[in-house]
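Hi,

Here is the structure I said I would pass on. Have a look at it first, and my notes follow underneath.

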Amino acid sequence: MTEGRPPTSGSAALWERDAEIATVTQALDVLCVDQSSSGSLLVLRGEAGLGKTALLAETRRIAERRNCTVWSARGGETLRSVPFNVVRQLLQPALVSLLPEEAREYLGDWYDIAGPALGIVDPGEGSADPQYVCDGLVAAVRRLARREWPLVLLIDDAHWADQETLRWLAAFAERLDDLSVLVVVARRPGEVSGDSARHLDAVAAAAGRPVNNLNALTPEATAGLTRATVGRHADDPFCREVWAVTGGNPYDTVELLAKVQDSELQPVEGRAGELRALNRSARGGGLVDRLKGLGIEATRFAWAAAILGTGISVDLVARLASMNDDIAERCAELLCTARILTGPDPAAGAETDDGELEFVHPLIATAVYNSIPPGVCTAMHGVAAQILTETGHGAAEASRHLLKVHPDEDDELVEQLREAAREHLAVGAPDAARRCLERALLEPPEPEVHARVLYELGCATLLTAPATTIDHLQNALAMPGLDGAERVDAVFRLSQALLHNDQLEEAVRTVEAEAARQEPGPARMRLQAVQYMWEGIYAGEATSAGRSERLAELARPCTGRDNAERALLILRGFDAMTHGESAEEVAELCDRALVNGRLAPGLGWTDTEWGIELLLMLANAYAYADRLDRAEALYTEALRTYETARWGGGHLALAHAYVGVGHRRRGRLREAETSLREGLRLAERVGRGLPLYWTATCNLVDTLLARGQVDEAWSIAEQYGFIPPYPSTIVLPDPRSVRGRLLLAVGRTDDAIDELEAAGKAAAVRGHHNPVMVPWTVDLARALATRDPARAAQLAGDARRQAERFGTDTAIGEALRCAATLETGQRAVRLAAQAVAYLEASPCQYEHAAARVEYGIAARSVAELNRGLALARSCGADGLVTQAREVLETGRGLR
């Protein structure tokens, strides 16, 4: 495009934007075909002033001409600390039009979790899970979008959007394929870092098409725009100078040409030298000088508007600027005439929060805000917070202003920030809570309150920044102010943070030291139990000699009369299970920890006093002691509880993974794979390398191997990093053993033997002799069957002795299966028959199916092979099915 006119809308910022408008038009064509059309995402990227907002406005005009519903929102530089600010703006049209009962109907199960984040429901008690809130917002927008087809979502200045909105947008963008909606996002390059940058990168990646990078106007287009604005008599040298001065930036060009018109500057070569001075008055220091020229009152009005940032109404600005309504109205008119403020453009959908005014351009808003003297800026933020509080807004809404107030040992401000943090946590915005509490510490709080603020800050950052949490909680515990149960809870949370930060040994030492300082009683017993809990899940060398003996001694007199005793019984049961002690004793210890067969009050899946780890120990002790009924009930209860409570993230990932473990142990391999894949998907969102991630990956590989899908198992291991080094916490089943089995399956026997030998050494250090939980012995015996028959026989014998000591049908049956593979003739047949007998009584149907097939082959029995084939089919064990079929089809030697 040279000096041709812009599109019919006439916006100067649309010169040379034919390609972008064509892309938008094409996307709208696809959207409006029918309600089954897939969604699409466009990203417009350009420096300030290149016309992103104008393109969004043009998108709105084109869409509305086609009867599309258009919702829009804009990020604000001074509003980035306000959680869910942009997504609330975006959904305002839909939310305002719905009655509460209609909103509940449309949002369904997500009403109570997404509603508080959207500001339409009062938050509940405690903290909302950020991941579940994000999922709830995704579901909410998807449901509302289906009601409003064809729907267009416009998000301007996304680089200034709050982090909570960006997290939602990244998740929503990934799920557009089955939703007929067009999303257009405009942003500047750079401007953000950290999680916000990562979310914006994810949005761009989800677009599935190149980002539209906006370029400056060419000299020819600048000349056309100049002549269209000031007259066709503008000569070429003058037009070239306009381009040279503005760099082809559309916003700067429009502002400069407005100044040319205002000053009645003739557009000829002889006056071109005056353009640079005019341009300086439109931006930065020149703009500030121009603002000052409008008078003190107008300047103060502009400052107050910049402090508010959004919802700029004349009466609110008047209160903040301490002026009467008449003066405020006059200032508003003056600033609008000077092209500093303007009324919202209805065509652009810019009106938000019932504001009457907005800045003509974000560049002006930034320049005005930065021009406010620091002391005045701080004072005005304090007044703004006070006004919001007096007008019935909560502490969370006022907090963005409170964050700007200078520290002044103000006890009331500390309490306001603490209350704001609680409100932020209740809607699932822990980062906003962290900012409030960090600011409260700068005040600083009174000595008796200081430790509590640090404690609250540690709780707020536990899941998002464990390393930071450690510092906060350690400092809190070093100060006076935390006593009794609150101190014990702080120590427990500190140990959790150390665990999440892969500092398990220090976690153990921390609770051990605090337990030693406590008098005998429930608090001390709780800390001792926590110490044993962390030691029990440590995968390295034992942290203290004689640990199991001391734990057994401590648990022996426990009857389960309170939760501290119940915790010790669970820990003792889990410890006995890992060491391969009597499975009957394991089950008896675990049963004593229950109340009428159920978890005791205070030991539920969402109770925070003990944490999820203790309950997983209980469920896993049952699972590996062949009490799968109890284990599956606990796994299922965890999943149901987290889904009902809307706890996402790591808790939900573990729940899905362990439901998969229950299916795998039971032999329902298809269901196990489905649950484990969902657990792994959720674990990916929390972060790789965490114990929950290893649990999902390890069990998925194990399940795929059982299904006979060796190539897929290898692919999963490669994709998700199922390789050494292994985590510092134990994973069930033992990942070294599972990887050794995987290496055997792909034919890397030497590597498999090395891995299984390493598994044996690691198990010996920890005293882990449960042959089902750490099955290295039987797999290594099979690997050495032809290379070192004597060693293989020794290993098979060890496995059988360990299995008989443990005493479960599964352990003994698996040991007999291994022994049978090392024998030939009638001895192999007898051992295989014994394996079938034990595994038939076991709840583990896959192992039973495998034993049936192996017995059928050894005994050459068609009947046994058919029984094994039927079992294998019901389990989803495709490899066993193929093996049995091949033998049956050849028929050689069968009877």
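A word on the labels before anything else: helices (H or I, at least four residues) and strands (E, at least two) are DSSP runs, numbered from the N terminus. With that numbering, Pro733 falls in the loop between α35 and α36. Please keep in mind that this is a predicted model.

**Overall picture**

The protein has 44 helices and seven strands. Its C-alpha trace spans about 110 × 70 × 50 Å along the principal axes. Of the 895 residues, 57% are buried. If you take the contacts between residues at least 6 apart in sequence, 67% of them join residues at least 24 apart.

There are four domain entries to work with: domain 1 covers 17-213, domain 2 covers 219-283, domain 3 covers 484-623 and domain 4 covers 648-732. Taken over C-alpha atoms, the centres of domain 2 and domain 4 are 64 Å from each other.

**Two cis prolines in one loop**

Back to that loop. The bond from Leu732 to Pro733 is a cis peptide, with omega near -10°. Pro725 sits in the loop between α35 (710-719) and α36 (735-745) too, and the peptide bond that leads into Pro725 from Pro724 is also cis, with omega near 0°. If you set up omega restraints, these are the bonds I had in mind.

**Helix α33**

α33 runs over residues 669-686, which is 18 residues. From first C-alpha to last, α33 reaches 25 Å, close to the 26 Å expected at 1.5 Å a residue. Its buried residues are Leu669, Ala672, Glu673, Ser675, Leu676, Gly679, Leu680, Leu682 and Ala683. An α-helix has 3.6 residues a turn, so residues three or four places apart point the same way. You can follow that spacing in Leu669, Ala672, Ser675 and Gly679, which are among the buried ones. What covers the buried residues of α33 includes α32 (649-666), α34 (691-707), α42 (845-859) and α43 (862-875). Right after the helix comes Gly687, with a positive phi near 140°.

**Around Gln496 and the α26/α30 pair**

Gln496 is part of helix α24 (residues 484-500). Is Gln496 buried or exposed? Gln496 counts as buried because its relative accessibility is 10%, and the cut-off for buried is under 20%. Setting aside residues up to four places away in sequence, Gln496 touches Leu462, Trp534, Gly611 and Glu613. The C-alpha atoms of Gln496 and Thr469 are separated by 9.7 Å, with their positions 27 residues apart along the chain.

Trp534 and Glu613 turn up again in a helix pair. Helix α26 (residues 522-536) and helix α30 (residues 612-624) pack at an angle of about 65°, their axes 11 Å apart, and the crossing is left-handed. Where they meet, α26 brings Met533, Trp534 and Gly536, while α30 brings Glu613, Leu614 and Met617.

**His361**

You may want to look at this one when you assign protonation states. His361 lies in the loop between β7 (358-359) and α17 (362-371). With a relative accessible area of 15%, His361 is buried. Its side chain reaches the backbone nitrogen of Leu363 at 3.0 Å. Leaving aside neighbours within four places in sequence, His361 is in contact with Gly49 and Tyr251.

**A few exposed loop residues**

Which backbone angle stands out at Asn67? Asn67 has a positive phi of about 65° although it is not a glycine. Asn67 sits in the loop between α2 (52-65) and β2 (69-74), and it counts as exposed at 66% relative accessibility.

Glu264 also has a positive phi, about 55°, and is not a glycine either. You will find Glu264 in the loop between α11 (250-263) and α12 (275-280). Its relative accessible area is 64%, so Glu264 is exposed.

Lastly, Asp109 lies in the loop between α4 (100-107) and α5 (111-118). Asp109 is exposed, at 58% relative accessible area. Asp109 and Ala139 are 30 residues apart in sequence, and their C-alpha atoms are 9.5 Å apart in space.

Cheers

Note on methods:
Residues are numbered from 1 along each chain as its sequence is written. This is a predicted model: local features need pLDDT of at least 70, side-chain atom pairs count only at pLDDT 80 or more; totals for chains, interfaces and linings use all residues. Side-chain values use heavy atoms; hydrogens and water are left out. Buried means under 20% relative accessible area, exposed over 50%, partly exposed in between (1.4 Å probe, protein chains only). Contact means heavy atoms within 4.5 Å. The expected span of a helix is 1.5 Å times one less than its number of residues. Domain bounds come from an automatic or database domain assignment. A polar contact is a pair of N or O atoms within 3.5 Å; within protein, one must be able to donate a hydrogen and the other to accept it, and residues adjacent in sequence count only if both atoms are side-chain atoms. Axes are lines fitted to C-alpha atoms, for helices over the stretch in contact, and angles run from 0 to 180 degrees between N-to-C directions. A crossing is left-handed if the near helix is turned anticlockwise from the far one by less than a right angle, and right-handed if clockwise.
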